[in-house]
Amino acid sequence: MTEQIARLAQQAGNDRLRLLAVSKVHSIDKIRDLYAVGHNYFGENYVQELAEKAEACADLPLRWSFIGHLQSNKIKTLVRYASDIQTLASMKHAHLIEKAAITYSKTPFPVYVACNPEDEPGKNGLSCHDVLPFVASLKTQCPHLRLMGLMSIPPRKYQDSLQEVPELYRALRKLANQVGEGRLSLGMSGDLKIAIKAGSNLVRIGSSIFGTRPQKARQP
Ligand SMILES: *Cc1c(COP(=O)(O)O)cnc(C)c1O
């Protein structure tokens, strides 16, 4: 998988691309296996699961990225174990992340602003037009956050079977340039190629690495 990604990135002239291995629902053994072949950056969607895995792998130098739904009462635990949070979309959560980052001496704490570009129900993130005003507020009110860039999960209809890079993907690339350090977290197993062509800096890949996920009920 890493080889395939490296090849796609080279073909697209994209020289700032990293891989986040999305290990949600998958076992600690699988995480250890991937670490053994040189990967140390893992993504999780559930705070409790992230914390348990981080504890269980405390002997390894792993970095945990949170890509799930944020809940105020879990932010402190999350900041304790995660190395970044990619689903920031409210000032209330931003302030809580700051507070926890200070508590755990993890400032400035890396965050990505989440964008839900076609306002799909049930998905994390701000509308595109709300992103820059939100970024302006973060800059003035949250000096203890490190604003990495933009994270997005576009609608499912955008898949690698498309011939062209969708206009939406280009728009997200441009928007990300104006968010903090300008990184774009875009692309999952199904839209990896078009995301890399559009200039993603971080692809979040689960099923193509670990296999399909067993079904798990959403946490309340
Ligand atoms: C689960 C998940 C992924 C990985 O999805 P795959 O289709 O398995 O590659 C990426 N990003 C987010 C936000 C996710 O929740």
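Which strand does β1 pair with in the parallel sense over 2 bridges? In this predicted model, the partner is β2, which spans residues 41-44. V22 of β1 stands opposite G43 in β2, and helix α2 (residues 28-36) sits between the two strands in a right-handed β-α-β unit. β1 also runs parallel to β8 (residues 202-205), this time with 4 bridges joining the two strands. Here R18 is the residue to look at, standing opposite L202. As for its surroundings, β1 covers residues 18-22, and 4 of the 5 are buried, so the strand is largely enclosed by the rest of the structure.

Just past this part of the chain comes a backbone oddity. V25, placed in the loop between β1 and α2, has a phi near 75 degrees, a positive value in a residue other than glycine. With a relative accessibility of 27%, V25 counts as partly exposed.

β5 tells a similar story to the eye, but with every position covered: 7 of the 7 residues in this strand (residues 109-115) are buried, so β5 is largely enclosed by the rest of the structure. Its side chains split between two directions, with F109, V111, V113 and C115 pointing one way and P110, Y112 and A114 the other. Both sets are buried.

On one hand, β5 pairs in the parallel sense with β4 (residues 84-88), over 2 bridges. Within that pairing, V111 is the bridge partner of I85. To get from β4 to β5 the chain passes through helix α5 (residues 91-103), and the resulting β-α-β crossover is right-handed. On the other hand, 7 bridges join β5 to β6 (residues 145-152), again in a parallel arrangement. F109 stands opposite L145 in this pair. The route from β5 to β6 goes through helix α6 (residues 128-141), and this β-α-β crossover is right-handed as well.

The loops on either side of β5 deserve a look too. In the loop between α5 and β5 lies P108, which is joined to T107 by a cis peptide bond with omega at about -10 degrees. In the loop between β5 and α6 lies D119, whose phi is near 50 degrees, so here is another positive value in a residue other than glycine. D119 is partly exposed, at 46% relative accessible area. Over in β6, L147 is buried because its relative accessible area of 12% falls under the 20% cut-off. L147 and L132 are 15 residues apart in sequence, with 12 Å between their C-alpha atoms.That leaves the ligand. Its surroundings are made up of V22, K24, N45, I67, I153, M188, S189, R204, I205, G206, S207 and R213. By class, this shell has 5 nonpolar, 4 polar and 3 charged residues. An N or O atom in the side chain of K24 is 2.7 Å from an oxygen atom of the ligand, and for the side chain of N45 the corresponding distance is 2.8 Å. G206 contributes through its backbone, with an N or O atom 2.8 Å from a ligand oxygen. Taken alone, the ligand exposes 380 Å², and the protein buries 93% of that.

Note on methods:
Residues are numbered from 1 along each chain as its sequence is written. This is a predicted model: local features need pLDDT of at least 70, side-chain atom pairs count only at pLDDT 80 or more; totals for chains, interfaces and linings use all residues. Side-chain values use heavy atoms; hydrogens and water are left out. A residue is near a molecule or strand if one of its heavy atoms lies within 4 Å of it. A polar contact is a pair of N or O atoms within 3.5 Å; within protein, one must be able to donate a hydrogen and the other to accept it, and residues adjacent in sequence count only if both atoms are side-chain atoms. Accessible areas come from the Shrake-Rupley method with a 1.4 Å probe; for residues, only the protein chains shown count as cover. Ala, Val, Leu, Ile, Met, Phe, Trp, Tyr, Cys and Pro count as nonpolar, Asp, Glu, Lys and Arg as charged, and the others, Gly among them, as polar. Buried means under 20% relative accessible area, exposed over 50%, partly exposed in between (1.4 Å probe, protein chains only). Two strands pair if DSSP finds at least two bridges between them. A crossover is right-handed if, with the strands pointing away from the viewer, the path from the first strand over the helix to the second runs clockwise.
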